[in-house]
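Good morning, and thank you for the time. I would ask you to keep the sequence and the structure in view while I speak.

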Amino acid sequence: RGVTLDFAMLIHGPATQFVAQTHAGTKFEKAPCESLPEIHALLASLAALGVRIEVCLIAMDRSHVARENLIPCVVVEDNVFLNSIALQNKGYALMQVD
């Protein structure tokens, strides 16, 4: 029907582990995610479709995830909670996934 879709995925808190290339040296090192390669592939495919994937710098700092350790398709934002508010003010709908 000619509808243009626009999505943003905001990553924060423990979900930060899913955008780290490796859990070595991070808060998640002792309980690594076994399906990390599949998750990275899914996130890359979403990014290729035009989904903007943002990760929270606050969560990165708390989880000891360095910028160099991020998968290439994510964008670092200072505070994704503030971005969430700004996006909602522009008409975006919030769909929280836990």
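I shall go through the sheet, the core, one helix, the cysteines and then some individual residues.

Please note at the outset that this is a predicted model.

Let us begin with the sheet. It is an open sheet of three strands, in the order S1-S2-S3, and the pairing is parallel. Strand S1, residues 8-11, and strand S3, residues 74-77, are the edge strands, since each pairs on one side only. From one strand to the next, the twist averages 30 degrees. For those new to the subject, strands of a sheet pair through backbone hydrogen bonds, either parallel or antiparallel.

How many bridges join S1 and S2? There are four, in the parallel sense. Within this pairing, Ala 8 has Arg 52 of S2 as its bridge partner, and Leu 10 stands opposite Glu 54 in S2. Strand S2 is mostly covered, with four of its five residues buried.

Next, the core. The largest nonpolar core contains 16 residues, and those with the most contacts inside it are Val 19, Leu 43, Ile 53, Val 55, Val 65, Leu 70 and Val 74. Helix H1, residues 36-48, and strand S2, residues 52-56, are the elements that give two or more residues to this core. The most comes from H1, with three residues. As general background, nonpolar side chains in soluble globular proteins tend to be buried together.

Ile 53 offers a useful view of this region. Which residues does Ile 53 contact, leaving aside its neighbours within four places in sequence? They are Met 9, Ile 11, Leu 43, Ala 47, Cys 73, Val 74 and Val 75.

I turn now to helix H3, residues 80-89. This helix packs on the sheet and touches S1, S2 and S3; its direction makes about 150 degrees with that of S1. Which residues of H3 are buried? They are Val 80, Asn 83 and Ser 84. These residues lie on the same side of H3, because they cover an arc of only 105 degrees around the axis. What covers the buried residues of H3 includes S1, S2 and S3. On the other side of the helix, Phe 81, Leu 82 and Asn 89 are exposed.

The cysteines can be treated briefly. In general terms, a disulfide is a covalent bond between the sulfur atoms of two cysteines. A search of the whole structure finds zero disulfides. For Cys 33, the nearest cysteine sulfur is that of Cys 73, and it is 15 Å away. A disulfide would require the sulfur atoms to be within 2.5 Å. As for their surroundings, Cys 33 is buried, with a relative accessible area of 19%, whereas Cys 73 is partly exposed, at 21%. The two residues receive separate labels because buried means under 20% relative accessible area.

Finally, I should like to point out some individual residues.

Phe 7 is placed in the segment before S1. Is Phe 7 buried, partly exposed or exposed? At 43% relative accessibility, Phe 7 counts as partly exposed. Not counting residues up to four places away in sequence, Phe 7 touches Gly 50, Val 51 and Arg 52. The C-alpha atoms of Phe 7 and Asn 79 are separated by 18 Å, and these residues are 72 apart along the chain.

Leu 49 is found in the loop between H1 and S2. With a relative accessible area of 73%, Leu 49 is exposed. Leu 49 and Phe 7 are 42 residues apart in sequence, and their C-alpha atoms are 9.6 Å apart in space.

Ala 44 lies in helix H1 and is partly exposed, with a relative accessible area of 38%. Between Ala 44 and Val 74 there are 8.8 Å in space, C-alpha to C-alpha, although the two are 30 residues apart in sequence.

My last residue is His 64, in the loop between helix H2, residues 57-63, and S3. What is notable in the backbone of His 64 is its phi, which is near 60 degrees, a positive value in a residue other than glycine. His 64 counts as exposed, at 53% relative accessibility.

To close, I return to the picture as a whole: an open sheet of three parallel strands, with helix H3 packed on that sheet. Thank you for your attention.

Technical notes:
Residues numbered from 1 in each chain as written. Predicted model: local features only at pLDDT ≥ 70, side-chain atom pairs only at ≥ 80, totals over all residues. Heavy atoms only, no water. Core = buried A, V, L, I, M, F, W, Y, C linked by side-chain atoms within 4.5 Å. Buried < 20%, exposed > 50% of the residue type's maximum accessible area, 1.4 Å probe, protein only. Contact = heavy atoms within 4.5 Å. Pairing = 2+ DSSP bridges. Axes fitted to C-alpha atoms, helices over the stretch in contact; angles between N-to-C directions. Arc of directions from axis to C-beta.
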